[in-house]
Amino acid sequence: MLSKVLKASILLFCCLPVLTSLAQSAPVLTGLKTEYLENPIGLDSPNPRFTWKMANPERGAKQSAYRIIVSTDSLALLKGEGKLWNTGWTKSDANLAVYSGQLLKPFTKYFWRLDIADFNKNKNDKIAISSFETGMMNAENWQGSWISDTENIKLKPAPYFRYAFAVSKKIKSARAYIAAAGLYELSVNGAKIGNHRMDPMYTRFDRRTLYVTYDVTKAIASGKNAIGVLLGNGWYNHQSTAVWYFDRAPWRNRPAFCLDLRITYEDGTVETIKSGKDWKTALSPIVFNSIYTAEHYDARLEKDGWNTADFDDSKWKEVMYRSAPSKNIVAQALHPIRNVEEIASKSLKKFNDTTYLFDLGRNISGVSKITVKGPAGTVLKLKHAERLYPNGHADLSNIDVHYRPTDNFDPFQTDILTLSGKGEETFMPHFNYKGFQYVEVISSAPVELTKASLVGYFMHSDVPVAGSMNSSEPILNKIYYATNNSYLSNLFGYPTDCPQREKNGWTGDAQIAIETGLYGFDGITVYEKWLADHRDEQQPNGVLPSIIPTDGWGYEWGNGPDWTSTIAIIPWNIYLFYGDKKLLADCYENIKKYVNHIDETYPSGLTTWGLGDWVPVKSTTPVELTSTCYYYADAVILAKAAKVLGKQQDFEKYTALAKKIKDAFNAKYLNKETGIYNKGVQTELSVPLFWGIVPEESKAKVAASLAKRVEADGFHLDVGLLGTKAILNALSENGYVALAYKVAAQKTYPSWGWWMENGATTLYENWPIDAKSDISMNHIMFGEIGAWLYKGIAGIKPDQNKPGFKNVIFEPHFIKDLSFYEAKHTGPYGEITSSWKRNALTISYDVNVPANSTATVILPVENGLKVYLDEKVITSAKLELASGHYTFNWK
């Protein structure tokens, strides 16, 4: 008789056993994180989340119990002691626990020890300890004052602030806490602190302000010290004028900040150096900065040593007090923006002694850094562009279309550098980023530049990579690369549409790209921050704006279920990918308000509220059709969320609402005889299929109609933004994966491959590359194909009944035109792999199921071939597997 342990490691389907070997070695712990960050400091959460992974390659490796001990004493944890929280040995295979011990105190470092046991009662033999540190925890704990230099919002130069102090005792630790209205760079004793860019992240400033914590222990010297703060405008004091009226934002003011430098000495005493009236201020060499356009820098105005202790600030001015921008000042607990990748110029074209063109060879978001030597007063203009005119000069006409300048002193995406004449000089913007491939440098006097004189920095939220894809078809690999480039180019503490002409948090683009982002990157921290922005922006009646954050623009145009369903779609996808209910719970009432508003406004179940299928190829689809599908999706998600959160009455209420919407929609738009919605164009057929509003008995007919429509369109796309989300999935999920692949791998217009064939390294905003409008060359709105490469071919999918890839669904499709395909995704339990190779007579398929998770494998049928696993014939098309590595062979 099989033991209970062996039975637990063998999962059956239709009485077919898939034998696994028992894990014998001690379990290994990896990936310990607090609030999805490694050893974070400056957290405000009173109940932080702990997550971890069990790394055991043996089949059947599974956690049976865990124990977490929390203490302020790491040595105590080595002994297994901890008074703050000790879960005791808890029988559970969960890898997420929420702290519920003694009340956490501010400014305190906590250590947590994790122990686990597997089903053989083997325990980890290496002690695993991680840490986190609390920040302010409460706004009342701030001691510093909000200070600025002036109330004149029209003043262009960025301000410096400094404060000198002395340290006479031995330091144990020091932390700097800084909140800002605008952007800042912090320095201590002449050195910039940290490698973050563009802190703090953009929020609705008058409703929520973020602060950042830095460990500055090593930066502070014995004796004299100085703190320096450089402030930038960011979105807070938007001086450039564009169609979104950010220059009229209700919060707009001269940038300000609040800082506490908390020093803990070896003798146990604490001293707080804080911002206040005793600070000094002066204008910096940054004579203008706009997050929307560019930065202007006059090196002749540099104040050498301005942030060092011995600097003479006797001629500097006094600061002024300011009120805080909001009462809600909270920790910035997310992956920061960084200069992630340095990119050397691929080529340099010299027009003459004063005009040069640098080509990075790829389109990026970020900044350029130039190193140059020239006479004092020489002015260099660095024009950043995505494309060139026929004569080889930088062409900004496709990305400056929404800019409304009032003069010619702030050219779009053009940094302006005035040289000091003091030898070789280097300039990189502090408070701006752009979207570009080319940089045209125009100098007022001859300068000598080489290809090495300018480099680019790919700049974005530095989220960990969580996925990869590779195949035997180069065009797919290029599409995947370009999709990821566009996704990252549009991640700056919130998801944007493009990094050049807008930088807006368009909700529609983000709901399209959510799965692409989550398959490829560990982005939960950014999305949790952005959904807090949603909650800040939602009106009492439930309405959300089309761009988030906003100054007020977007409540009356561009919003509606097809765009602002982000409030439901993103929390639900976070739940599916991470198995974490928190964001779903945090947004639950907001989703309800949103759905209730639509129900009250459109009682028939059909809604015409929305923007529609933005920039389609040629066909048009009624807004009512697409928006009602999204409304239905919201109602379904709300009902599912209610069930997950134990709200039975709501579950029943919104299940009934979803049925009302579905019935009304199909009564109006579905021809059951022909299986066609409305006129039967691609978007009209694929969107209902993808969002599940098609009656079960009509799915086959609708899918067949879609297949015929795609064939009639020459196996090319005829969709806009909303149809792009649906088209490939609707085909592959309904028996037409070969057709979906044919569309995905197309190399002629209109297709993703057409862009690649024409040199694209990012995704575009419009299908025709010569479009007269809407032709940003770095947009993510057509980026669902990145997710489909995981779902549609590799077949890696989360299981909503066991979310967070606790159970992985593998449903691969062996495309006949591909000889090799591999996709990997690192989920909460570890690396998931789906990889196959085809030769003339056989197919080999490898899957990896992370320890402590399971999998459902749906095997393709290959005519004339039998399936083998561990040299045994598999007769079932669906298998349930324990963790481990498996190789299936068709021969």
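Is Glu 862 buried or exposed? Glu 862 is buried, with a relative accessible area of 11%, where buried means under 20% relative accessible area and exposed over 50%, with partly exposed in between (1.4 Å probe, protein chains only). This is a predicted model, in which local features need pLDDT of at least 70 and side-chain atom pairs count only at pLDDT 80 or more, while totals for chains, interfaces and linings use all residues. Residues are numbered from 1 along each chain as its sequence is written, and side-chain values use heavy atoms, with hydrogens and water left out.

**Annotated regions**
- The UniProt record, in an unreviewed entry, assigns "domain: Alpha-L-rhamnosidase concanavalin-like" to residues 350-460; annotations of this kind may be inferred rather than shown by experiment.
- Over residues 350-460 the chain is 0% helix and 51% strand, and the end C-alpha atoms lie 30 Å apart, with helices (H or I, at least four residues) and strands (E, at least two) taken as DSSP runs numbered from the N terminus.
- UniProt also lists, again from an unreviewed entry, "domain: Alpha-L-rhamnosidase six-hairpin glycosidase" for residues 466-792, and over that range the chain is 56% helix and 3% strand, with its end C-alpha atoms 18 Å apart.

**Nonpolar cores and helix H16**
- The largest nonpolar core, meaning a set of buried Ala, Val, Leu, Ile, Met, Phe, Trp, Tyr and Cys residues joined through side-chain atoms within 4.5 Å, has 219 residues, of which Ile 370, Trp 752, Ile 793, Phe 810, Tyr 821 and Phe 888 touch the most other members.
- Helix H9 gives the most to this core, with 12 residues, and a second, separate core of 29 residues includes Val 167, Ala 174, Tyr 214 and Ile 273.
- Because 11 of the 11 residues of H16 are buried, this helix is largely enclosed by the rest of the structure; the buried residues include Trp 788 and Ile 793.
- Leaving aside neighbours within four places in sequence, Ile 793 has contacts (heavy atoms within 4.5 Å) that include Leu 476, Tyr 741, Trp 788, Tyr 821 and Trp 836.
- Just after H16, Gly 795 takes a positive phi of about 75 degrees.

**Pocket and cavities**
- The largest pocket, an open set of points on a 1 Å grid over the protein atoms alone with protein on both sides within 12 Å along at least five of seven lines, has a volume of about 1200 Å³, a volume being the space filled by probe spheres set on the points.
- Of the 36 residues lining this pocket, Leu 576, Lys 640, Phe 690, Glu 733 and Gln 800 lie nearest its centre, and the elements that give two or more residues to the lining include helix H9 (623-644), helix H16 (784-794) and strand S40 (796-798).
- The structure also holds 4 cavities of 30 Å³ or more, a cavity being a set of grid points where a 1.4 Å probe fits but cannot get out, and about 120 Å³ of space lies in the largest cavity.
- Of the 14 residues that line the largest cavity, with lining residues having an atom within 4 Å of a point, those closest to its centre are Leu 183, Met 198, Tyr 202, Trp 235 and Ile 291.

**Two buried loop residues**
- Glu 862 lies in the loop between S45 and strand S46 (867-869), and its C-alpha is 7.6 Å from that of Trp 890, although the two residues are 28 apart in sequence.
- Asn 852 lies in the loop between strand S44 (843-849) and strand S45 (854-858), and at 2% relative accessibility Asn 852 counts as buried.
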